[in-house]
Amino acid sequence: MRGREGAFGVLLIKMLPSSAASEQEELDLISQLPDSILHSILLLLPFKDSARTSILSSRWRHLWEEAPLRLDDYYLCHNEHLVSWIFYSHRGPIESLHLYYFTRDTVDRFMESAVQRGIRELKLAGFMRRPYQLPSSILTCKSLHQLSVVACQFPQAVLPSIFPNLKELRLSCVMLRNDQLQILLSSCGSLDTLQLKDCWNSSVSSVSSPRLRKFTWKSSTVDELIIEDMPNLESLMLDEYTTRDCKVKVLNAPKLQLLGFLCADFQTLQLGGTLLHQQPASIFQVNAMPCRMAMLSSVKVLAINMEQSFNKTLLDLLRCFPCLEKLFILKYGGSCYKTHVDKEIWNAHSSLSFLDHLKTVTVKGYYNSQSDLELLRYLVGHGKVLRKIILLYSKTFNDEKFVEAKKRQFSVEKRASSDLELCFFIDTKNNVHFSLWNELIWER
């Protein structure tokens, strides 16, 4: 997008001849385009650049005031006076509005005007000491497609019909009772994506939605998460430690394709009719009839969170997903050079069905331990359709000679796939934060 914005900026400048003003307007072909097209061009520019076009000519002087407005106070240094002036000087529709650290009175006035001007995307966060209560005008806004709120709250009595056309809802630090959540899900007839972070004060949470396709969930207080009925759910993203600290039950999600994170030291995980249980002594059990493992077969992308070394639990977990195509592994807990590795564990699992489908593997937190090397050898030697293995390692482990040596080593070893590419990258983000790893998964 930035490249396109820059291209438009250069185009606008180059189209202006250096002659007199009257001649400029005659030769300025781009200014002869209809307002609707010029508004689309301005919508692609950052707000500051869009406003600056008003000095190009009399034709452009007021165009930015009528083009759809994208206003983010973060880029205006949270200057409430400046943001208010821009907001009320602009006469066109509101495409998006992002507000942080504003007074409640200002936000209330903004909300009323934004709803009247057809706002499509709204982000609210950081309202003083008490959560900001969303006004009913926002709850019933028909133009709103994306809503993201932090430290806000819904009215005690949620309206029976809210957010009629909302596509994406992202809530953080918003206290929700189970009944309020279900009203939200049943009322939002167009909701496609739901993200909930630290939104509960109860020990058990139950979620159902006939339409939801993407669900992201993070909580440090809930003991049990139950996905009751989501027939169209394709993506279930949990934070790194949910399945370790919380019982997760996905009872009905037949279209589930992306699942993560699964902690390798989880206790109980239920997917449809399949119960995965790990006892304290790391004894891994799968209780299911073969005909009831359909949900596991639908999963194409899996993200796993592992502490220290790869072990038999990883393989036991992978064999439960026979049609896996993409695997993401987040490692933490040290380099583990001294960890004992039983090579027979890997040799005994050379014909697992997921190896017939696995195409890409990404490991974040690669340390060149013996455990890491054995995993690489296993994948290289048995991944029949593997195309790429991506290894992200810390900046502190930046040894170019080592990387080149490992590339040469695995290039000459026996490969199950002739098209395999082995990639080493420095992990520039170098962290395990939930939101960043979630973005990494979608980028790959």
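## A walk through the model, starting at E224

Start by selecting E224, which is buried, with a relative accessible area of 17%; the cut-off for buried is under 20%. Keep in mind as you click around that this is a predicted model. Now add K249: its side chain meets that of E224 in a salt bridge, 3.1 Å from N to O. K249 sits in strand β13 (residues 247-250) and E224 in strand β11 (residues 224-229), so the pair ties together parts that are 25 residues apart in sequence. Unlike buried E224, K249 is partly exposed, at 26% relative accessible area.

Next stop: R213 and D192. Their closest N and O atoms are 2.5 Å apart, in another salt bridge. Both residues are in loops, R213 between β9 (204-208) and β10 (214-218), D192 between α9 (178-187) and β8 (193-197), and the pair links distant parts of the chain, 21 residues apart. R213 is partly exposed, with a relative accessible area of 27%. Add E234 to your selection and you have a network of salt bridges made of D192, R213 and E234.

Now go to F215. Leaving out neighbours within four places in sequence, show its contacts: L194, L196, V207, I227, M230, L233, S235, L236 and M237. F215 is also one of the residues, with L97, F163 and F321, that touch the most other members of the largest nonpolar core, which has 100 residues. Color helix α14 (residues 370-382) too, as it gives the most to this core, with six residues. A separate core of seven residues includes L258, V301, A303 and L330.

Then select helix α7, residues 104-116. Put a distance between its end C-alpha atoms and you should get 19 Å, which agrees with the 18 Å expected for 13 residues at 1.5 Å a residue. Show the side chains of R104, T106, V107, F110, M111, S113 and A114, which are buried. What do the buried residues of α7 pack against? Color α6 (80-89), β2 (94-100), β3 (121-125), β4 (132-133) and α8 (136-139) to see their partners.

Step just past the end of α7 to G118, where phi is positive, at about 75 degrees. Further along is R120, which forms a salt bridge with E95, the closest N and O atoms being 3.8 Å apart. R120 is in the loop between α7 and β3 and E95 is in strand β2, so this pair ties together parts 25 residues apart in sequence. R120 is partly exposed, at 36% relative accessible area.

Finally, zoom out. The protein chain has 16 helices and 22 strands, and 48% of its 444 residues count as buried. The whole structure holds 10 salt bridges.

Methods. Residues are numbered from 1 along each chain as its sequence is written. This is a predicted model: local features need pLDDT of at least 70, side-chain atom pairs count only at pLDDT 80 or more; totals for chains, interfaces and linings use all residues. Side-chain values use heavy atoms; hydrogens and water are left out. A nonpolar core is a set of buried Ala, Val, Leu, Ile, Met, Phe, Trp, Tyr and Cys residues joined through side-chain atoms within 4.5 Å. Buried means under 20% relative accessible area, exposed over 50%, partly exposed in between (1.4 Å probe, protein chains only). Helices (H or I, at least four residues) and strands (E, at least two) are DSSP runs, numbered from the N terminus. Contact means heavy atoms within 4.5 Å. The expected span of a helix is 1.5 Å times one less than its number of residues. A salt bridge is a side-chain nitrogen of Lys or Arg within 4 Å of a carboxyl oxygen of Asp or Glu.
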